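This report describes one protein model, beginning with its surface and proceeding to its sheet, its cores and its charged pairs.

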Amino acid sequence: WRIMGETPKWHLVVLALAVVLVIVYHIWLVKDSKVEVLPETFAVEGDYGIEMPYQAIDSVFIVEALPAVKYCKDGYSVFGNKKGEFRLKEGSDAKFYLLGKQPPYLKMYTNGGLVFVNRKTTAETEQLIEELKPKIGEKFVE
């Protein structure tokens, strides 16, 4: 091909197919994800989801920024959504259940470690905060 001055076009097809597969994979991962305040437990549905009783939550803070992440231990980070367990730059581990890129985020200290959570939009995260406050009471630190 190089002798004749032509370049094969199949590599563009493979690249386009890879991009489409990444987008489809991202949609598949995020579509079933929900953060819910249930009567007895706090739950994140979908891949890498959790369900924890409110007694397992020590304290909850509202934060506008996330800590720097060193690498993903078990989970994924695609287009701003993070789900799973990550090692932070300072050396500790944290679980992320981020369905959107916009703050605020809930920083939760639990029996199982540090957890960061939000919903897809700022308004939905603020609704999550209002739903969670009556369930955990004074553990919500503002």
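Leu15, Val19 and Ile23 make a nonpolar surface patch of about 270 Å². Patches are made of residues with over 30% relative accessible area and no salt bridge, with like charges joined within 9 Å and nonpolar side chains (Val, Leu, Ile, Met, Phe, Trp, Tyr) within 5 Å. Accessible areas come from the Shrake-Rupley method with a 1.4 Å probe, and for residues only the protein chains shown count as cover. Leucine 15 belongs to helix H1 (residues 10-31) and counts as exposed because its relative accessibility is 53%. The terms are cut as follows: buried is under 20% relative accessible area, exposed is over 50%, and partly exposed lies in between (1.4 Å probe, protein chains only).

The model is predicted, so that local features need pLDDT of at least 70 and side-chain atom pairs count only at pLDDT 80 or more, while totals for chains, interfaces and linings use all residues. Residues are numbered from 1 along each chain as its sequence is written, and side-chain values use heavy atoms, with hydrogens and water left out.

**Overall organisation**

The protein chain contains two helices and 10 strands, in the order α-β-β-β-β-β-β-β-β-β-α-β from the N terminus. Helices (H or I, at least four residues) and strands (E, at least two) are DSSP runs, numbered from the N terminus. Of the 142 residues in the protein chain, 35% are buried. About 8,600 Å² of the protein chain is exposed, and carbon and sulfur atoms supply 59% of this area. Among contacts with a separation of 6 or more, 42% involve residues 24 or more positions apart; contact means heavy atoms within 4.5 Å.

**The sheet**

An open sheet with mixed pairing is formed by seven strands, in the order E5-E6-E7-E9-E8-E4-E10. Its edge strands, E5 (69-78) and E10 (140-141), each pair on one side only. Two strands are taken to pair if DSSP finds at least two bridges between them.

Strands E7 (residues 93-98) and E9 (residues 113-118) are parallel and pair over five bridges; alanine 94 stands opposite leucine 114 in E9. E9 is also joined to E8 by five bridges, here in the antiparallel sense, with lysine 107 opposite phenylalanine 116 in E9. Two residues separate E8 and E9, which form a hairpin. Strand E8 (residues 105-110) in turn runs antiparallel to strand E4 (residues 57-63), to which six bridges join it. Tyrosine 105 in E8 is the bridge partner of valine 63.

Serine 59 is located in strand E4 and counts as buried because its relative accessibility is 14%. Beyond its neighbours within four places in sequence, serine 59 contacts Lys107, Met108, Tyr109, Lys139 and Val141.

**Nonpolar cores**

A nonpolar core is a set of buried Ala, Val, Leu, Ile, Met, Phe, Trp, Tyr and Cys residues joined through side-chain atoms within 4.5 Å. The largest such core has 21 residues, and Phe42, Ile57, Leu106, Met108, Val117 and Leu132 have the most contacts inside it. Two or more residues are given to this core by each of strand E1 (34-37), strand E2 (41-45), strand E3 (50-53), E4, E8, E9 and helix H2 (122-136). H2 gives the most, with four residues. Another core, of nine residues, lies apart from this one and includes Phe86, Leu88, Ala94 and Phe116.

Valine 117 has contacts, outside its neighbours within four places in sequence, with Val35, Phe42, Tyr97, Leu98, Tyr105, Leu106, Met108 and Leu128.

**Salt bridges**

A salt bridge is a side-chain nitrogen of Lys or Arg within 4 Å of a carboxyl oxygen of Asp or Glu, and the count by this rule is seven. Three of the pairs are listed below.

| Pair | N to O distance |
|---|---|
| Lysine 34 and glutamate 36 | 3.9 Å |
| Lysine 34 and glutamate 45 | 3.9 Å |
| Aspartate 93 and arginine 87 | 2.4 Å |

Salt bridges with shared partners join Lys73, Glu85, Arg87 and Asp93 into one network. Aspartate 93 is partly exposed, with a relative accessible area of 27%, and arginine 87 is likewise partly exposed, at 22% relative accessibility.

Lysine 34 counts as partly exposed because its relative accessibility is 42%. Its partners glutamate 36, at 22%, and glutamate 45, at 31%, are also partly exposed. The pair of lysine 34 in strand E1 and glutamate 45 in strand E2 links distant parts of the chain, 11 residues apart.
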